[in-house]
Amino acid sequence: MSAVRRSRAAVACLAATAALALTLGAAGCSTVGGGPDAAEGDAGPTTLTVYAAASLQEPFEDLGEQFEADHEGVDVEFSFAGSSTLVGQIQQGAPADVFASANTSNMDKLVDADLQAADPVEFTTNTLMIAVPAGNPAHVTDLASLTGDEINLVVCAPEVPCGAAAEAVERAAGVDFSPVSEEQSVTDVLNKVSSGEADAGLVYVTDVKKAGDGVEGIAFPESDSAVNTYPITTVKGSAQPELGQEFVDLVTGESGQQMLGGYGFGEPDTGGA
Amino acid sequence: MLLPALLGALFVLLPLVAMATRVQWGSFAELITSESSLQALRLSLQTSATSALACVILGVPLALLLARTSFPGLSLLRSLVLIPLVLPPVVGGIALLYTVGRQGLLGQQLELLGIQITFSTTAVVIAQTFVALPFLVISLEGALRTAGTRYEIAAASLGARPSRVLATITLPLVLPALLSGTVLSFARALGEFGATITFAGSLQGTTRTLPLEIYLQRESDPQAAVALSFVLMIVAVLIIAVARRRVTA
Amino acid sequence: MTLALEATVPERGLDVALDVADGETLALVGPNGAGKSSVLSLIAGTLRPSAGRITLEGRLLSTGALLVPPHDRAVTTLAQDPVLFPHLSVAQNIAFGLRAQGTPRRRAREEASWWLSEIGLGDLADRRPSQLSGGQAQRVAIARALAASPRLLLLDEPMAALDIDVAPALRELLRRVLAERTTILVTHDVLDVVTLADRVAVLEGGRLVESGPTADVLARPQQQFTARLAGVNLLTGTWDGHTVDGTLAGMMHESVAAGTRVRAAVRPAHVDLLEDDAHPSPGTMVLARQVTDLEPRGDAVRVRAGEIAADLTPQLVARQRLRPGDEVRLGIRAADVAIYPAR
């Protein structure tokens, strides 16, 4: 019976996609397993869906495994993407239980739309670092050595968070960058550095850590002027708010903080800079 | 027959209509005439036109080679030429990076000559040409095969040397296909995103074409992104309309 | 000799030698697959011989090693399809060869318009080829080929694709313009041969089996193919001093030693059917044969019996109720048989 019903649902879903009869975000054709169905049946696992900024992928995947180990019958599923993309999807009705943003402004958008289930908690920070190709061919030492036309500097565009942070440190150091490219994302900046196309780039500490041997990191004091704060919250309309809150607690708790620190993230800095 | 056809048409049209409904018409003019938008539009038109020209210069000889000669490896070459069609553009961008990038195959030599291609407008043109070239080659090669060689043989028999046969017989006979192929490659270049952002970077006025600008505006100003998307769509529709009229006339 | 050709192309089974004199039109005939088209390709430069040499007015065009490209041979081909350039006007088509060879635009245009009036299409200069009838298009193609003033013109069945009612006018045009031009004409039509060709060369199985002045070849055919073209029955045998193989007498105009291989030609119209027990008149030889088939032939019925064809009146065929398989006696008068040595 259920097989028949499912295949019918699949056909209906296909038809809907083909005609684009639903909204443009009509990707939601997966037969949702959680919620009332799962409560009714005894076997099906409960799924906790976490929307998290792309930079959180590694520590959160580790934490997800830990969470699953602690909660039998719970499946943690992640959607990693840019924070603004994720907020947009949640606004369009994407089924997120937890949202972790890479900055406060995107969390503010969620709050403005009144989609938070609890007050957001700031759980970690990230700061900028100069990334250079292995061997540092352009002999970069600090922010001042990034100015001038001879050096191929790549930063994020001011429109995205890492670019805003780069502007902040630029102001704080009193220097004037002339980048050869203002990239869309940290990943794009990092790729240009690791491939040697760029002599230097401004990325987050965690990105340098993640990039491995191809990239070296150079810390600079002005990074204090652009501390990126990561807030997390549960999302309104979640089918399992308690479970979501438990995940938030895991992240903000001791083992969560340790895990984040291992990937280069900083302590939540409630004092500000 | 009719129903799937209607569905097919809807499938293409509905998203366009949906986008039009999201444009904030009140501030439309303001949104699309910002300095960064205008620069992006200008850059897109310039680079796409240059790329289309490059496609003609490189694609015509290539199509002739594919359609009029035979040598071992010809069918392999034909498949290889079409690769940019099926390759994700990002992959194309990476491949170009490994070709003319600083650490790339030709990068060392180029650097010795004092030429840096990455992060320049030239890189945008190269990326666009890379993804657009197959469109011209395919449509031209098909037309050359359809036209056949009998007119060329007749012209040679009247004493016309190969260069003259090419200029006065071969190319005029496939002119409609050449025009439509050029327009197609222009349109493809106009829409190019992945290879450009991977290979050329993104800097206002230098490498940030309209698609890159749209993608970036999405982060900070979604309304501007929608407005610009609409502009790009209108440009695309105009190009296709003009091309079709030209070709059928 | 203007054209001298000697070439072998083993993969096409071709091994041929032929000459064309200055100003001469040579008809190249032969069954399908005999190699006529291959010979034209060799001369046009689209086929390379394995061995041999082709020269035109003393200039070497092809050997096993050398191949002058088609555009540089001063050889123009005209096939049954006119292949007019669809994007050029009629006048531009005709001027094409002249322009290609460097004639200034104005002079090329003048010559094109002269040719247009020569082919009787003076008022169609600005038409596109798609607006012409088949006959008009082929006229333009002829003018275009001749305006290029080739040293040698190759005509590959130029009238095969035309309606039967436009062919005569075109044949007349060709007769007029081909005078004094060196031409090779491939055709299946005896009318083309007799009106246009000075000489005939017969190709069979990739080899030249017979050639000579048109009148000679048609009067004394050596091959079954040529005999069919000439419309005569051809019998081959040994001359015993008075008859061929002791059965067939005829007119012999040269002295030939007994024991020589000879051929005897007789027109089907001169073959009679001897009715029932009728006695043959003096000087008539009788050949007994079995009817193979019958077919209409103008105002007569052609009766084939073995290797002999006889054109009989319908009345006679009706009276005798002739059917395939019937035994018949055929009468041939010695005065109607031409006998000549086999070559």
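Which residue stands opposite Ile130(A) in strand 8 of chain A? The first point answers this, and the others go on to the rest of the predicted model.

1. Strand pairing in chain A. Leu202(A), in strand 8 of chain A, is the residue that stands opposite Ile130(A). Strand 5 of chain A covers residues 128–133, and strand 8 of chain A covers residues 200–204. The two strands run antiparallel and are joined by 4 bridges. As background, the strands of a sheet pair through backbone hydrogen bonds, and the pairing is either parallel or antiparallel.

2. The sheet of chain A. In chain A, 5 strands make up an open sheet with mixed pairing, and their order is 7-6-8-5-9. At its edges are strand 7 (181–183) and strand 9 (215–218) of chain A, each of which pairs on one side only. Direction ignored, neighbouring strands of this sheet are turned against each other by 35 degrees on average.

3. Helices against that sheet. Helix 6 of chain A, residues 161–173, lies across strands 5, 6, 7 and 8 of chain A. Its direction is at about 120 degrees to strand 6 (153–156) of chain A. Helix 7 of chain A, residues 186–194, also packs on the sheet and touches strand 5, strand 6, strand 7, strand 8 and strand 9 of chain A. The direction of helix 7 makes about 140 degrees with that of strand 8 of chain A.

4. Chain A as a whole. The chain has 10 helices and 10 strands. Of its 273 residues, 41% are buried. Among the contacts in chain A with a separation of 6 or more, 76% are between residues 24 or more positions apart.

5. One residue of chain B. Is Glu30(B) buried, exposed or partly exposed? Glu30(B) has 13 other C-beta atoms within 10 Å, so it counts as partly exposed; the exposed class stops at 12. Glu30(B) is found in helix 2 of chain B, residues 28–32. Its C-alpha atom is 9.7 Å from that of Ala227(B), although the two residues are 197 residues apart along the chain.

6. The sheet of chain C. Here 6 strands form an open sheet in the order 6-7-8-3-9-10, again with mixed pairing. Why is one side of strand 6 and of strand 10 (207–213) of chain C left without a neighbour in the sheet? Both stand at the edges and have a single partner strand each, so one side of each has no neighbour. The average turn between neighbouring strands of this sheet is 20 degrees, direction ignored. Strand 7 (residues 152–156) and strand 8 (residues 183–186) of chain C run parallel and are joined by 4 bridges. Within strand 8 of chain C, Val186(C) is the residue opposite Asp156(C).

7. The domains of chain C. Chain C is divided into domain 1 (3–226) and domain 2 (232–343). Their C-alpha centres lie 38 Å apart. The contact between them involves 4 residues of domain 1 and 7 residues of domain 2. On the domain 1 side there are 1 nonpolar, 2 polar and 1 charged residues.

8. Where chain C touches chain B. Each chain is represented here by 14 residues. On the chain C side, strand 6 (75–78) and helix 2 (90–100) are the elements that give two or more residues. Helix 2 of chain C has the largest share, 3 residues. By class, the chain C side has 7 nonpolar, 6 polar and 1 charged residues.

Key. Residues are numbered from 1 along each chain as its sequence is written. Chains are lettered from A and ligands numbered from 1 in the order in which they are written. This is a predicted model: local features need pLDDT of at least 70, side-chain atom pairs count only at pLDDT 80 or more; totals for chains, interfaces and linings use all residues. Two residues are in contact if their C-beta atoms, placed from the backbone, lie within 7 Å. Ala, Val, Leu, Ile, Met, Phe, Trp, Tyr, Cys and Pro count as nonpolar, Asp, Glu, Lys and Arg as charged, and the others, Gly among them, as polar. Two strands pair if DSSP finds at least two bridges between them. Axes are lines fitted to C-alpha atoms, for helices over the stretch in contact, and angles run from 0 to 180 degrees between N-to-C directions. A residue is buried if 20 or more other C-beta atoms lie within 10 Å of its own, exposed if 12 or fewer, and partly exposed in between; C-beta atoms are placed from the backbone. Domain bounds come from an automatic or database domain assignment.
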